[in-house]
Amino acid sequence: MTSTKKQTQVRLEPEVLAAGKDAAAARGLDFNRYVERLIIEDTTGARAGGMAAAQRLIDQHGAFLDDLEEQLDAPYTRPQPGAAA
């Protein structure tokens with residue numbers, strides 16, 4: 001069975017390569033599949049669409065989310081009785 005995929009060579013700075021491999025691993029992908037997904041998302045507009053949707057969510061519900069985050073963090077930011085100051 002032959003693959004229709006083409007091999008290419010990309011030269012990256014060592015820290016960029018390490019960051020890419022870490023990001024791929026965090027997503028459960030091998031590095032090649034991660035790079036392939038980045039290219040597909042960038043060239044099809046999927047990434048831009050997702051970012052636009054995220055921005056709309058923040059614009060419409062940002063104050064609510066900020067308030068919710070503050071409420072969830074409150075028990076951990078108040079001094080606890082008997083705790084050293």
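## Salt bridges, a pocket and a nonpolar patch

Leu72 sits in helix α3, which covers residues 46-77. Bear in mind as you read that this is a predicted model. At 55% relative accessibility, Leu72 is exposed, because the cut-off for that label is over 50%.

**The nonpolar patch**

Leu72 has company on the surface. Together with Leu57, Phe64, Leu65 and Leu68, Leu72 makes up a nonpolar patch. The accessible area of these residues adds up to about 470 Å². Leu65 is another patch member that lies in helix α3. With a relative accessible area of 37%, Leu65 counts as partly exposed, since that class runs between the 20% and 50% limits. If you want a feel for distances, take Leu65 and Leu38: they are 27 residues apart in sequence, and their C-alpha atoms lie 28 Å apart in space.

**The salt bridges**

Now for the charged side chains. A search through the whole structure turns up 4 salt bridges. Here are three of them, with the closest N to O distance for each.

| Pair | N to O distance |
|---|---|
| Glu36 and Lys5 | 3.7 Å |
| Glu36 and Arg33 | 2.8 Å |
| Arg47 and Glu41 | 2.6 Å |

Glu36 shows up twice here, paired with Lys5 and with Arg33. Lys5, Arg33 and Glu36 are accordingly linked in a network of salt bridges.

The two partners of Glu36 come from different places. Glu36 and Lys5 meet in a salt bridge at 3.7 Å, and this pair ties together distant parts of the chain: Glu36 belongs to helix α2 (residues 31-44), Lys5 belongs to the segment before α1, and 31 residues separate them. Arg33, on the other hand, is in helix α2 along with Glu36; because they are 3 residues apart there, about one helical turn separates the two.

How open to solvent are these side chains? Lys5 is exposed, at 58% relative accessibility. Glu36 is partly exposed, with a relative accessible area of 28%, and Arg33 is partly exposed as well, at 36%.

The remaining bridge in the table joins Arg47 to Glu41, with the closest N and O atoms 2.6 Å apart. Arg47 is partly exposed at 37% relative accessibility. Glu41 is also partly exposed, with a relative accessible area of 23%, so Glu41 is above the 20% limit under which a residue would be called buried.

**The largest pocket**

Glu36 turns up once more when you look at the pockets. The largest pocket has a volume of about 390 Å³. Its lining is made of 14 residues, and the closest to the pocket centre are Lys6, Thr8, Asn32, Val35 and Glu36. What classes of residue line this pocket? The lining is a mix of 5 nonpolar, 4 polar and 5 charged residues.

**Val10**

One last residue to find in your viewer is Val10, in the segment before α1 (14-26). Val10 is exposed, with a relative accessible area of 58%, which means it is over the 50% cut-off. Val10 and Asp66 are 56 residues apart in sequence, and 41 Å lies between their C-alpha atoms.

Key
Residues are numbered from 1 along each chain as its sequence is written. This is a predicted model: local features need pLDDT of at least 70, side-chain atom pairs count only at pLDDT 80 or more; totals for chains, interfaces and linings use all residues. Side-chain values use heavy atoms; hydrogens and water are left out. On a 1 Å grid over the protein atoms alone, a cavity is a set of points where a 1.4 Å probe fits but cannot get out, and a pocket is an open set with protein on both sides within 12 Å along at least five of seven lines; lining residues have an atom within 4 Å of a point. Grid points are joined across faces, edges and corners, and a volume is the space filled by probe spheres set on the points. Ala, Val, Leu, Ile, Met, Phe, Trp, Tyr, Cys and Pro count as nonpolar, Asp, Glu, Lys and Arg as charged, and the others, Gly among them, as polar. Helices (H or I, at least four residues) and strands (E, at least two) are DSSP runs, numbered from the N terminus. Buried means under 20% relative accessible area, exposed over 50%, partly exposed in between (1.4 Å probe, protein chains only). Patches are made of residues with over 30% relative accessible area and no salt bridge: like charges are joined within 9 Å, nonpolar side chains (Val, Leu, Ile, Met, Phe, Trp, Tyr) within 5 Å. Accessible areas come from the Shrake-Rupley method with a 1.4 Å probe; for residues, only the protein chains shown count as cover.
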